[in-house]
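Grab a pencil and get the viewer ready. Try each task yourself before you read the solution below it.

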Amino acid sequence: MQKNIIHVFLSHGLESGPGGTKIQALKAVAESFEQVQVHAIDHRSSKDPEVRLAQMHDAISASGASPDKIILAGSSMGGWVCAQTSARRDVLGCFLLAPALAMPDYPQSSPCIQAKHIQIIHGWDDDVVLPMPVIELARQQALPVLMLPDGHRLANSLQRITEEFRAFLARVGVNSTGAARK
């Protein structure tokens, strides 16, 4: 039975934590599906992207999850962590919110995202991670991008984000419970 569990790994942004609004909203959505185990990674011990990437790899290894049962979801620097993880190992899905991609201060800031299912959501008014370089990276890799009239934190789009995450999980084949549908 354990082999059928989908593992959802959540990675928060630089100034946030595993208890942040977006991560908790994504966690609630994932937990409304059957046979899902959610891992909200706590990256607050380091602001170094490479350390956070190692923390994600350690969490995945500790879970024992097989690649076809791993879904990554992250915001800002957490999106970078998820994208990098997807570039380095096989995963089922990668759901990225305002991911810190195509940024000169980040190592390997333009990873080749290789998850089987990918969704990027970004705000048109993002002044932290500018939208056009992310759009260009997505264009180069033929990745789906949903642009919203919002800023970096996507604070005005939480309901839309949770709806998109629910649809994403359904598309990748995660079984919903009766409670997951409104």
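Here come some exercises on this model, which is a predicted one.

**Exercise 1. Aromatic rings**

Task: Find out how many aromatic pairs there are, and describe each of them.

Solution:

Step 1. Know what to look for. A pair of aromatic rings is described by the distance of the centres and the angle of the planes. Rings pair if their centres lie within 6.5 Å, and the count comes to two aromatic pairs.

Step 2. Take Phe95 and Phe165. Their centres are 4.8 Å apart and their planes make an angle of 50°. Planes under 30 degrees apart would be stacked and over 60 edge-to-face, so this pair counts as tilted.

Step 3. Ask what the pair ties together. Phe95 sits in strand 4 (residues 93–97) and Phe165 in helix 5 (residues 158–171), so the pair links parts that are 70 residues apart in sequence.

Step 4. Now try Phe95 with Phe168. This pair is tilted too, with 5.3 Å from centre to centre and 50° between the planes. Phe168 lies in helix 5 and Phe95 in strand 4, so here the parts tied together are 73 residues apart in sequence.

Step 5. Put the rings together: Phe95, Phe165 and Phe168 make up one aromatic cluster.

Step 6. Check the burial, where the cut-off is under 20% relative accessible area. Phe95 has 0% relative accessibility, so it counts as buried. Phe168 is buried as well because its value is 1%, and Phe165 is also buried.

**Exercise 2. The faces of two helices**

Task: Work out where the buried residues of helix 1 and helix 4 lie around each axis.

Solution:

Step 1. Recall a handy rule. An α-helix has 3.6 residues a turn, so residues three or four places apart point the same way.

Step 2. Start with helix 4 (residues 131–141). Its buried residues include Pro131, Val134, Leu137 and Ala138. These cover an arc of only 130° around the axis, so they are on the same side of helix 4.

Step 3. Turn helix 4 around. On the other side you'll find Met132, Arg139 and Gln140, which are exposed.

Step 4. See what covers the buried residues of helix 4. Strand 5 and strand 6 (145–148) are among the covering parts.

Step 5. Move to helix 1 (residues 21–31). Lys22, Ile23, Ala25, Leu26, Val29 and Ala30 are buried there. Looking down the axis, you see the buried residues within an arc of 160°, so they line one face of helix 1.

Step 6. Look for the partners. The buried residues of helix 1 pack against strand 1 (6–11), strand 2, strand 3 (70–75), strand 4 and helix 5.

**Exercise 3. Positive phi**

Task: Locate Gln35 and Ala98, and say whether each is buried or partly exposed.

Solution:

Step 1. Start with the background. Most residues other than glycine have a negative phi.

Step 2. Check Gln35. Its phi is near 50°, a positive value in a residue other than glycine. Gln35 belongs to the loop between helix 1 and strand 2 (36–41). With 34% relative accessibility, Gln35 counts as partly exposed.

Step 3. Check Ala98. Here phi is near 40°, again positive in a residue other than glycine. You'll find Ala98 in the loop between strand 4 and strand 5 (117–123), and it is buried because its relative accessible area is 0%.

Step 4. Add one more case: Ala142, just after helix 4, has a positive phi of about 55°.

**Exercise 4. The largest pocket**

Task: Describe the volume and the lining of the largest pocket.

Solution:

Step 1. Get the volume: about 430 Å³.

Step 2. Look at the lining, which has 20 residues. Ser16, Lys22, Ser75, His152 and Arg153 are the ones nearest the pocket's centre.

Step 3. Sort the lining by type. Nine residues are nonpolar, eight are polar and three are charged.

Step 4. Find the main contributor. Helix 1 gives the largest share of the lining, three residues.

**Exercise 5. A residue in strand 1**

Task: Pick out Leu10 and list what it touches, leaving aside neighbours within four places in sequence.

Solution:

Step 1. Place Leu10: it's in strand 1. Leu10 counts as buried because its relative accessibility is 1%.

Step 2. List the contacts. Leu10 touches Ile23, Leu26, Lys27, Val38, His39, Ala40, Ile41 and Ala73.

Methods. Residues numbered from 1 in each chain as written. Predicted model: local features only at pLDDT ≥ 70, side-chain atom pairs only at ≥ 80, totals over all residues. Heavy atoms only, no water. Phe/Tyr/Trp six-rings, centres within 6.5 Å; stacked < 30°, edge-to-face > 60°. Helix = DSSP H or I, 4+ residues; strand = E, 2+ residues; numbered from the N terminus. Buried < 20%, exposed > 50% of the residue type's maximum accessible area, 1.4 Å probe, protein only. 1 Å grid on protein atoms, 1.4 Å probe; cavity = no way out; pocket = protein on both sides within 12 Å on 5 of 7 lines; lining within 4 Å. Points joined across faces, edges and corners; volume = space filled by probe spheres on them. Nonpolar A, V, L, I, M, F, W, Y, C, P; charged D, E, K, R; others polar. Arc of directions from axis to C-beta. Contact = heavy atoms within 4.5 Å.
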